[in-house]
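Trainee: I have a structure to read and would like some company while I do it. Could we take it feature by feature?

Mentor: Gladly; let us open it together.

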There are 2 protein chains.
Amino acid sequence: MGNQLEQQFREYVKKMTNYREAIGVLAWDLRTGAPKKGVEQRSEVLGMLSSEVFRMHTSAEMKSYLLELREGKVWEQLDDVTKKTVAECEKVLKKLTNVPEKEYEQYVILTAKAESAWEEAKHNADFSAFRPYLEQIVDYNRKYVEWVGYEGNKYNALLDDYEPGLTVDIIDEVFGKLREEIVPLVKAVADSAYQPKTDFLFHRFPAAKQRDVSIEILKSMQYDFDAGRLDTTVHPFAIGLNPGDVRVTTKYDEHDFRSAVFGTIHEGGHALYEQNIDTKFVGTPLCTGTSMGIHESQSLFWENFVGRNKAFWEKHYDLLKQHSAGQFDGVDVDAFYRGINVAGPSFIRIEADEMTYSLHIILRYELEKALINGDLEVKDLPAAWNDKMEELLGIRPANDAEGVLQDVHWAGGSFGYFPSYALGYVYAAQLKNAMDKELSNFEQLLREGSLGPVKQWLTANVHQHGKSKQPLEILADVTGEGVNATHLIDYLKAKYREVYKLS
Amino acid sequence: MGNQLEQQFREYVKKMTNYREAIGVLAWDLRTGAPKKGVEQRSEVLGMLSSEVFRMHTSAEMKSYLLELREGKVWEQLDDVTKKTVAECEKVLKKLTNVPEKEYEQYVILTAKAESAWEEAKHNADFSAFRPYLEQIVDYNRKYVEWVGYEGNKYNALLDDYEPGLTVDIIDEVFGKLREEIVPLVKAVADSAYQPKTDFLFHRFPAAKQRDVSIEILKSMQYDFDAGRLDTTVHPFAIGLNPGDVRVTTKYDEHDFRSAVFGTIHEGGHALYEQNIDTKFVGTPLCTGTSMGIHESQSLFWENFVGRNKAFWEKHYDLLKQHSAGQFDGVDVDAFYRGINVAGPSFIRIEADEMTYSLHIILRYELEKALINGDLEVKDLPAAWNDKMEELLGIRPANDAEGVLQDVHWAGGSFGYFPSYALGYVYAAQLKNAMDKELSNFEQLLREGSLGPVKQWLTANVHQHGKSKQPLEILADVTGEGVNATHLIDYLKAKYREVYKLS
């Protein structure tokens, strides 16, 4: 970076990422045991730091950097990381300046109130108490898409916040295929004469022992404990503060070890992404995962393609058994494998299995799209939810708590987020397909517990790039394809036909 | 706060305290298990936030607030908290602007290097390797006292950073009395025919059990776990982030439970101070302890007057016994009490007992004073140290690692800090004397485990005021005295004559 202007800009951006790192530590702290009486004051500190980042994003100084750096001769000589940083800052600035400040401020207050209202409404299974808030939130989002602009479908403006490059056209096709193939698969599995035994899953497994297992599995995944730590929380998450400090949290259900074991593998997958971003991106907005969907592809790759694979347990079942109090006595690895892959229709998304999960997402996507385009009104949402649930999964919620009120996302104003979850499954299967062409011995590696090559392949193809490549760019470079549901469908069909002994 | 200027100033100051709180969380995090690979980048975040606070302290905006608020009519109408905040900000500004920026920057780099050099020098017991650094540090401090100014002795300028209001004249008198009375007491104790048994102290006491004991004792001290938490560190500390979040750390030596138990009580005493500052001071620089010495008086009050009191163990000995693996079988509470109060000359300050501790401090004070006034040169320091050690404690270090190189303070440039430790003992004894006039049944309260009234007395007389009262103001208001060594001397004499069965 010979250019003085470029250096100053990079310093400026580094300062913003430093603030974000401080915010990250404070947020992690709040969720891992910060004393409750300090929370109110801590929230103020967080608010102040966030305002500072917002201010720096939209300042006259930022605007003048972006203008001057785009100037022909200057631009040509910029480092590639700087160019992509400029583009990212321009994008954020455009979003932030297109939204009227007053409206945005009111919306922040609205969603804060809506989250409390939602919590109570969910507790009472009473949609009507939440409805007025949701109506205002939907209204805002209908205006928001006009402010920030879109091509084609209005919903594309929201998708862009979470999965840049993805459009309603692409998703309609992908989700359409999934729907077409998964709905009959779910039915076949439900109708199967063979159903896996699961009673052995629910014996008491002490939290401390689950923690020991979780740590061993993270190590075996090549998670670097010198660049991370494992803590306990109510809602597990992974957080990348910088590539040298990427933390995982989990929770321990003493009567269902799966929550911690698969939760840890899932968050560990997110963490491996953040630990292995090329350090040349440190101090820029490119030093993070490129999208929600690609991030989810990493967690799901590890959770499902590795963690729910029989070959993985051929290596790790002994570890689990040794830490348990005998609950797996007389359960062979095959029975264990079928037990942890039990699948079928259920009401709650976050408890759904690998096979049905994308149907829960498709339901939400279709409802969101209709709401934003004005084809559905909030008052009709509960009935629409229940109808779609029946259509996709063949079951109908008894009340709104196990239906339309189950997720916090809409209360928080996160429209456009849900599709990323299902896209993560689709991407993961595409990556697995590409990996198989290069690592011919995937299952053998799992059987040996040699997960290094798997992690290295993901680092080389996904992790290292951080946010310097867009989701579709990564897919194209690694798989030669666009978004393609076929690999996920093939995988699920093959797997569940085998687990459920279907012909 | 009707005045708009006053409100703006308070907002400005609140922003600074918010940054400090963020710095506090990051510092706590670094010391309680942050992964090592993230430390370098985290240090940069800390540096940036600290620079921001420094900038705000010395900004044109701050200067203009201070000028305008001092204006006659404006000043008269200010809230008392604002007035004291203005005075505190003026003091800091004066210090920061009197020091040449270049010299200060070089000094920060020097002390960082000096700490590494000190660590190695201590490891090799080789003062000569540390000497060039210490010479530069002493040089800087000799200049520093001229920059910031002083009345009377040059050393007063340094005292003012840690113990405002205290002077060499006061300390010479107080430490002189201590020296006169404690030196013969130490000799009498060493010569005593009776020596307490201590072998039972060193049996294995599992860390998890020590943690359970520590938590119970903190609760009994009225430490509020809804406004704090207990973690593990190498160098225990307490940190007040805001009064609703004051954290304690401790360490567990499985072959000497005293480290955790008395360490936790000590840090718990610091924490009680910070938890009980009046919330009207939140968001101002007054929301902390008023000085190092007064802070230490709180930790030492709890550690010694409560934690090393026989009456306290008449209540809590069973708790300790129940968590131990039988090491106290056949040891009655009297023998236990004598065992934990074993005392005598030793080389290392941080391992010293209550009786000899202040002699370790007097040694350092006399050497620092001589160095700053040019009466001693760094090259002559090791010999001077060893001579004083012999004079005060009757023992001579075999090498510099157990002598002049033992503490990090000088490498870090903290000249003027040491006296606060001994002043904390003196203040604690003065407070105890005052408390006894109001709570006539102190030992009975300990015997019952009713520590509420003790904590409430300290809150009413010390904690609540935060930094709104100077150390000497607190002493005068609570005890009607200045700094007075008599109470500490009387207490130590009475206690150790009893423990050692002297006539």
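**Reading the interface and the fold**

Mentor: Let us start where the chains meet: chain B and chain A bury about 3000 Å² between them, and carbon and sulfur atoms give 52% of that area. Keep in mind that this is a predicted model.

Trainee: Which residues of chain B lose the most area to chain A?

Mentor: They are B:Pro35, B:Gln41 and B:Met48, which together account for 18% of what the chain B side buries.

Trainee: How many residues of each chain are in contact across this interface?

Mentor: Contacts involve 36 residues of chain B and 36 residues of chain A.

Trainee: Next, charges. How many salt bridges are there between chain B and chain A?

Mentor: To read one, look for a side-chain nitrogen of Lys or Arg within 4 Å of a carboxyl oxygen of Asp or Glu. Here the count between the two chains is 14. One to display is the salt bridge joining the side chains of B:Lys36 and A:Asp226, with an N to O distance of 3.8 Å. For polar contacts between chain B and chain A, the count is 27 residue pairs, both residues at pLDDT 80 or more.

Trainee: Which elements of chain B supply at least two residues each to the side that touches chain A?

Mentor: Those are the helices α1 (4-31) and α2 (39-58), along with the strands β2 (238-242) and β3 (245-250). The largest share of that side comes from α1(B), with 10 residues. Sorted by class, the side of chain B that touches chain A holds 14 nonpolar, 8 polar and 14 charged residues.

Trainee: Now a single chain. How does the radius of gyration of chain A agree with that of a compact globule?

Mentor: The idea is to set the chain against a rule based on its length. For 503 residues, a compact globule would have a radius of gyration near 23 Å, and chain A agrees because its value is 23 Å. Along the principal axes, the C-alpha trace of chain A spans about 70 × 50 × 50 Å. The secondary structure of chain A comes to 21 helices and 3 strands, and 57% of its 503 residues are buried. Among contacts in chain A between residues at least 6 apart in sequence, 73% join residues at least 24 apart.

Trainee: Back to chain B. Is B:Tyr252 buried or exposed?

Mentor: The cut-off for buried is under 20% relative accessible area. B:Tyr252 has 17%, so this residue counts as buried. Its place is the loop between β3 and α11 (258-275) of chain B. Beyond its neighbours within four places in sequence, B:Tyr252 is in contact with several residues, including B:Ala207, B:Arg211, B:Leu230 and B:Ala260. By contrast, try B:Leu49: 203 residues away along the chain, its C-alpha atom is separated from that of B:Tyr252 by 33 Å.

Trainee: Last, the backbone. What is the phi of B:Gln222?

Mentor: For phi, check the sign and then whether the residue is a glycine. B:Gln222 is not a glycine, yet has a positive phi of about 80 degrees. B:Gln222 lies in the loop between α10 (207-220) and β1 (230-232) of chain B, and counts as partly exposed at 33% relative accessibility.

Trainee: And where does B:Lys501 lie?

Mentor: B:Lys501 is in the segment after α21 (486-499) of chain B. Its phi is also positive, near 50 degrees, in a residue other than glycine. With a relative accessible area of 52%, B:Lys501 is exposed.

Key: Residues numbered from 1 in each chain as written. Chains lettered and ligands numbered in written order. Heavy atoms only, no water. Helix = DSSP H or I, 4+ residues; strand = E, 2+ residues; numbered from the N terminus. Buried < 20%, exposed > 50% of the residue type's maximum accessible area, 1.4 Å probe, protein only. Contact = heavy atoms within 4.5 Å. Buried area = accessible area lost by both parts, 1.4 Å probe. Polar contact = N/O pair within 3.5 Å; in protein donor to acceptor, adjacent residues only side chain to side chain. Nonpolar A, V, L, I, M, F, W, Y, C, P; charged D, E, K, R; others polar. Rg over C-alpha atoms; globule rule 2.2 N^0.38 Å.
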